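I am opening a fresh page for this structure, and I will write down what I look up as I go. I begin where the chains meet and then work through single bonds, pairs and loops.

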Amino acid sequence: MTRSTREQSEQLAALWTQAQPVVSAYIRTLLPDFHQAEEVLQRVAVVLVGKFETYDPARPFVPWAIGFARFEVLRYRRDFATDRHQFDSDIVEQVAELYQSDEIDFSEWRGALRTCVGKLQGRNRQALLMRYTQSVGPKAIGKEMDMSPNAVRQLLHRVRTTLRQCIERAINKTGGQS
Amino acid sequence: MSEQHPLLEAYLNGELDDQGFADFNDWLREDPAHLREWAVTSFIAQELGEALSEQIAGAEQSLVIDRIGAVERGQLDAEVLSLLQQIEAGSKDAPLRDLSPATTIDLDGSDSIDFGTAVRELSWAAGKVARHLIASKPALLTGLAAMLMIAVTLVVVFQGDGDGTPGIVMTPETNQTPEKPIAPSQVIATLTAEHNAQWEPDFDYGTPEPGDVFRAGRTVTLLEGFAELTTAKDAVVVLEAPCTIAFDDADNALRLIAGKLVANVPQQAIGFSIHTPTARVIDYGTTFGVDVKTDGTTHAAVFTGEVELRELSESPEQPTRNVRLTEGWASSVSKNGSLRREPKPVTVQDEVRFAKSMDEVVGPGFAYRRAVLANKPLVYWGFDEPAAKTQNLAGQDQWAGHAVGQTGRADGLFGQALKLAGPNMPAGGFTSRTPLPLKMADGYTLEAWYRIDQAHVGRVMSLVNFNTETTSKGSHYSLLEVIDGPELSESKRPYESSLRFMHRNFESDESLWGENLFAKSGATIGEWIHLAAVHEHRRAKLYINGELVSETSDDQPIALDATIQLIVGASAAAFNLKPLETQSNLRTFNGLIDEVALYDHALDTETIQQHFDLGRTVFGP
């Protein structure tokens, strides 16, 4: 490996470590299936290695990476995806634009969310675990937790809303923009 | 609670059918705000899953390693092993529903977990465990790899459309707090108003909003701002952040865990009590304030009526002491639970410490005064009392303001203001009388609002050292005066129609006249003007209406430690304490002066701008 190549690899590794959660979030917004999203993320990583020579370090990395992620999402959907619920291409594009803009600092949201999740306890945490780590729907959650599906929907809504407020508050407190 | 579109809500809950999904796509196209909302909520949902998984993986990694050890030792239940083999063999539809609910993995005969939990733990921690094994037990890796793969494969089966998945038993976390009661309980109070309120996130009940009721069993924390609660018997309680309050299943009582409140108790709620960690405050028809300080001390002050302040006994047998506090009296129970023997009169600190009503909170002046006090002035005079004296709102009674000569009162910025009718006789003003220690090396700030009623030469305020022996240099360390009017001397003509800020150093021969700053905008007639004069790090700065209008460097060393008096409304001569200046040099102000503050440190630009913004709301934009 030449010195310059090694330097490039190190630079890419550092940039990718920071960008990967945001790129992953973009992909998973459009491909909610965890494994499909993981596969596309891997493809994006491979593409970025190949294209890294064309990256201009003066420009932000995340929007550049999202550009390739958008292409890979579209390609994966076309070639492999089996989900019956596929977002239309124009929506894939619009979400990419949102992620590429500086309108929302997803990295900042990510940090704030970790703090707020720490405050979750008991029944709320249990319901969220089932919904977001097991993809279990309100009916099944209700069955397990001895609640009606409607009560589960209300619980999920309340917790999501409170979490959102907690995140926005944390961001505002540190002077960030939401 | 904020509303979300039903389609977005259904999407987030995984409940959209084909038509719903098509409608959802259309809804996203309708408005960029919809797309943004979806992207943000979707991001939160994904991150939530990851964050929760990471928490569990981190907390249970060691446990999982133990359990993998159990697997390795052949302690898996035969039924589970058989199922794992089916899945490994490729029959992905291996029916989890065929697992009997009692299927467990037996761990050394001392512990057992249900199958679903075991699989989740295995999969969540699989990556970490693999890394751990690579580092510590490479020989085990081969044998375990298949098991870890199986675990991950199982999770695939668990995922998909959850509604169709048979029961997944979630074992409660071991460190989980007991669940809060779900059944409706007694309504203790209603949130009837709030002002700039920020609440601690409450995942059980949602963020409180006006109109919400608080039932027994709930605890809320107000992080910022003010909130008004009304109890079932119409006692009105004003909370000020930071404050934590609990609603117990007790009639006519609230539990104040930390922070401040003021209770206004009507006749029908007599007996209303506030429980704190060390005391009870029991009302007898009154308005009183309770402050539970960070060290646990409970302080109670009575503004009207009467209360009983009682120590909280640790055992029913132990006798407790109590004291009746009447209007204008205060006392406290220490963090150790002992009652102060002698009540003390309610101080000006108590008066400004407690927000007595929401009307007061939202009224003019409240936010301004809190902002001033937050910066810890030495002196803060509001001129709202009888003309001969004004309290030091900053707390130190010895630095109250005392009138000298002819002074009056008129409607001011907030409440009353000092009215002076200079520049000629009758002279008058206010002095701190007792000298203030001012460490000049740390800088200082003089702040006030004033309104000039006619063009004249008049002193707004000064810092004076009446004890200086350096007679040739006068006695003012610092002065702020209006220079205007038809009879200005030639030397002052260049500064006509301006406000002058002078800082003078007595210890240096080079600073006879000090450093002078002038601001034309400070001499406007008939308008309220905010001024802040700052000296720090050998720089003098003059702010008018929140803007830095003039500054200069001061190369001379400044006095390190001075004892000065604050005087308002005239020169030192008017106070008849220093014979140096003649009676013709009284320089009594003509107009109104209000909200005078002296700080023993420099305020920054942002703070000064904030003070101006808070004050200007009173007289419009």
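**Where the two chains meet**

I looked first across the interface of chain B and chain A, where 17 residue pairs are found in polar contact, both residues of a pair being at pLDDT 80 or more. I note here that this is a predicted model.

Next I asked which elements of chain B give two or more residues to the side that touches chain A. They are helix H1 (6-12), helix H2 (18-30), helix H3 (32-72), helix H5 (115-136), helix H6 (138-158) and strand E5 (218-231). H3(B) gives the most to this side of chain B, with 22 residues. I then sorted the residues of that side by kind, and they divide into 29 nonpolar, 20 polar and 19 charged.

For the extent of the interface, I found that the contact takes 68 residues from chain B and 68 residues from chain A. The size of an interface is often given as the accessible area lost when the parts come together. Between chain B and chain A the buried area is about 6,400 Å², and carbon and sulfur atoms give 56% of this area.

**Salt bridges between the chains**

Side chains of opposite charge can pair when their charged atoms come close. How many salt bridges are there between chain B and chain A? I find a count of 8 between these two chains, while the count over all chains comes to 31.

One pair that I looked up is Arg114(A) with Glu47(B), a salt bridge in which the closest N and O atoms are 2.9 Å apart. Another is Arg169(A) with Glu224(B), where the closest N and O atoms are 3.3 Å apart. This second pair crosses between chains, from helix H8 of chain A, which holds Arg169(A), to strand E5 of chain B, which holds Glu224(B). I checked how covered the two partners are: Arg169(A) counts as buried at 16% relative accessibility, whereas Glu224(B) is partly exposed, with a relative accessible area of 35%.

**Salt bridges within chain B**

I turned to Arg369(B) and Asp384(B), which form a salt bridge with their closest N and O atoms 2.6 Å apart. The pair links distant parts of the chain, 15 residues apart, with Arg369(B) in helix H9 (residues 366-374) and Asp384(B) in the loop between strand E16 (379-381) and strand E17 (389-390). Arg369(B) is buried, with a relative accessible area of 19%, and since the cut-off for buried is under 20%, I checked that value twice. Asp384(B) counts as partly exposed at 31%.

The side chains of Arg500(B) and Glu481(B) also meet in a salt bridge, at 2.8 Å from N to O. Arg500(B) lies in strand E26 (residues 498-503) and Glu481(B) in strand E25 (residues 476-483) of chain B, so the pair ties together parts that are 19 residues apart in sequence. Both Arg500(B) and Glu481(B) are buried.

**The disulfide in chain A**

A disulfide is a covalent bond between the sulfur atoms of two cysteines. My search of the whole structure finds 1 disulfide over all chains, formed by Cys116(A) and Cys166(A) with their sulfur atoms 2.0 Å apart. Why is this disulfide called left-handed? The torsion about the S-S bond of Cys116(A) and Cys166(A) is about -90°, so the disulfide is left-handed. Cys116(A) lies in helix H5 (residues 106-117) and Cys166(A) in helix H8 (residues 149-173) of chain A, so the pair ties together parts that are 50 residues apart in sequence. Cys116(A) is buried at a relative accessible area of 1%, and Cys166(A) counts as buried at 6%.

**Backbone angles in chain B**

Most residues other than glycine have a negative phi, and most peptide bonds are trans. I therefore noted Asp234(B), which has a positive phi of about 70° although it is not a glycine. Asp234(B) sits in the loop between E5 and E6 of chain B and is partly exposed, with a relative accessible area of 43%. Phi of Arg433(B) is also positive, near 60°, and Arg433(B) is found in the loop between E21 and strand E22 (436-438). My last entry is a cis peptide bond that joins Ala241(B) and Pro242(B), with omega about -5°; the place of Pro242(B) is in strand E6 (residues 236-247).

Note on methods. Residues are numbered from 1 along each chain as its sequence is written. Chains are lettered from A and ligands numbered from 1 in the order in which they are written. Side-chain values use heavy atoms; hydrogens and water are left out. Contact means heavy atoms within 4.5 Å. Buried area is the accessible area (1.4 Å probe) that two parts lose on being put together, summed over both. A salt bridge is a side-chain nitrogen of Lys or Arg within 4 Å of a carboxyl oxygen of Asp or Glu. A polar contact is a pair of N or O atoms within 3.5 Å; within protein, one must be able to donate a hydrogen and the other to accept it, and residues adjacent in sequence count only if both atoms are side-chain atoms. Helices (H or I, at least four residues) and strands (E, at least two) are DSSP runs, numbered from the N terminus. Ala, Val, Leu, Ile, Met, Phe, Trp, Tyr, Cys and Pro count as nonpolar, Asp, Glu, Lys and Arg as charged, and the others, Gly among them, as polar. A disulfide is a pair of cysteine sulfur atoms within 2.5 Å. Buried means under 20% relative accessible area, exposed over 50%, partly exposed in between (1.4 Å probe, protein chains only).
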